[in-house]
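This report describes the fold of one protein chain, from its overall contacts to its sheets and nonpolar cores. The sequence and the structure come first.

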Amino acid sequence: MRHHFLLSLAIVAFAALPGAALASQTIDRNAKNVHLGVNRNNLALITYRAKGKLHHVLAWGAINARTPTRGAKQVRVKIDYSGGWGSRRKDVWRTFHNACGPYQGPELEWIVTACTAPDGSNWALQSWQRLLPPFGLHPTSAQAAHELQLSHWTGDLPEFVVKQDWVYKQYDHLYGWLKYRGKGVYGFKNTRFGAPLDSWGRNVFVDTYNSRYGPGWKRENGFLTHRGSDGAFCYGFYPHGNRPVGRGEAYRATVMGPGVTPIVSWTAPALGAFDPTIDDAANQEQDTLFKRTKCHVN
């Protein structure tokens, strides 16, 4: 019988904190009429409306991601919400010359707009509901906000792999890993609720479709990738307090890439009834892949 030390605690407290960690790439919330431009110096201009106002935001100074290193900091974009006056003492947005061409990078989920700069690097803006509360609970307006997030990268997207099997032959179970350029993505410090307290940690957010929480997509939970691992994670759809089991017809997992790489996502139908052949193969794979993590077979 498989025994798992689940990586996550319920992140109710985390979901209630819009300014919590993992928002280093967030430009704003509930943005409308979003436009992206990038000049030949890789200075980005993001124009949008939010809170009843028109915004001109400059962004620059970071690309891709670093490998997790204790005591160091992950890359992050510099932001000037004044449109240039705060960083350059002039309204750069008024004379901004866009040189960013049609987007030529890999397919993205949650895409708002994207382009490829003259140097071949990609810029993208994605929007998603990161802060939804777990277990299908009804969100507050802050929790339901759509975050507008900026990325700047070259080459491949982060490697985000999610697989399925069962726990105790009855509960649906997800496992997988998040890597960037062959290295695991994880943090070194977090709250007891699973919110990262450094610039390295990443939460995987799982949604369930047409479950006992209700029709359509509902947030099941969020959890950290394992520290000091190959970015491994595992999650079982167990009962949680007085909430029903969140087994659904399909599952979706979403995670912000490390550094200033894009949001990546996975979606697949649920496996359905327990299949011992599939489960045995998954158990063997996890025992091989996750020897140094909390996902293992006893």
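Of the contacts in the protein chain between residues at least 6 apart in sequence, 62% join residues at least 24 apart. The model is predicted. Its protein chain has 298 residues, of which 53% are buried. About 14,000 Å² of the protein chain is exposed, and carbon and sulfur atoms supply 51% of that area. The secondary structure consists of three helices and 16 strands.

**Sheets**

Two open sheets are described here. One has four strands in the order β1-β8-β7-β6, with antiparallel pairing. At its edges lie β1 (26-29) and β6 (111-116), each of which pairs on one side only. From one strand to the next, the twist averages 15°.

The other open sheet also has four strands, ordered β13-β12-β15-β16, and its pairing is antiparallel. Its edge strands, β13 (214-224) and β16 (263-269), each pair on one side only. Neighbouring strands of this sheet are turned by 20° against each other on average, direction ignored.

In general, the strands of a sheet pair through backbone hydrogen bonds, in either a parallel or an antiparallel sense. The table sets out one antiparallel pair from each sheet.

| Strand pair | Sense | Bridges | A bridge partner pair |
|---|---|---|---|
| β6 and β7 (residues 122-128) | antiparallel | five | T116 and N122 |
| β12 (residues 203-211) and β13 | antiparallel | eight | S211 and G214 |

In the β6 and β7 pair, T116 has its bridge partner, N122, in β7. For S211, the bridge partner is G214 in β13.

**Nonpolar cores**

Which residues have the most contacts inside the largest nonpolar core? They are F160, V204 and W266, in a core of 25 residues. At least two residues of this core come from each of β9 (159-167), β10 (171-180), β12, β14 (232-236), β15 (250-256) and β16. Strand β10 gives the most, with four residues. Two edge strands of the β13-β12-β15-β16 sheet are β13 and β16, and of these β16 is among the strands that supply at least two residues to the core.

The surroundings of W266 can be listed in full. Leaving aside neighbours within four places in sequence, W266 is in contact with F160, V162, Q164, L174, Y251, R252 and A253. One of these, F160, is itself among the residues with the most contacts inside the core.

A second core, separate from the one around W266, has 22 residues. Among them are A59, V77, W123 and L125.

Note on methods
Residues are numbered from 1 along each chain as its sequence is written. This is a predicted model: local features need pLDDT of at least 70, side-chain atom pairs count only at pLDDT 80 or more; totals for chains, interfaces and linings use all residues. Side-chain values use heavy atoms; hydrogens and water are left out. Two strands pair if DSSP finds at least two bridges between them. Axes are lines fitted to C-alpha atoms, for helices over the stretch in contact, and angles run from 0 to 180 degrees between N-to-C directions. A nonpolar core is a set of buried Ala, Val, Leu, Ile, Met, Phe, Trp, Tyr and Cys residues joined through side-chain atoms within 4.5 Å. Buried means under 20% relative accessible area, exposed over 50%, partly exposed in between (1.4 Å probe, protein chains only). Contact means heavy atoms within 4.5 Å. Accessible areas come from the Shrake-Rupley method with a 1.4 Å probe; for residues, only the protein chains shown count as cover.
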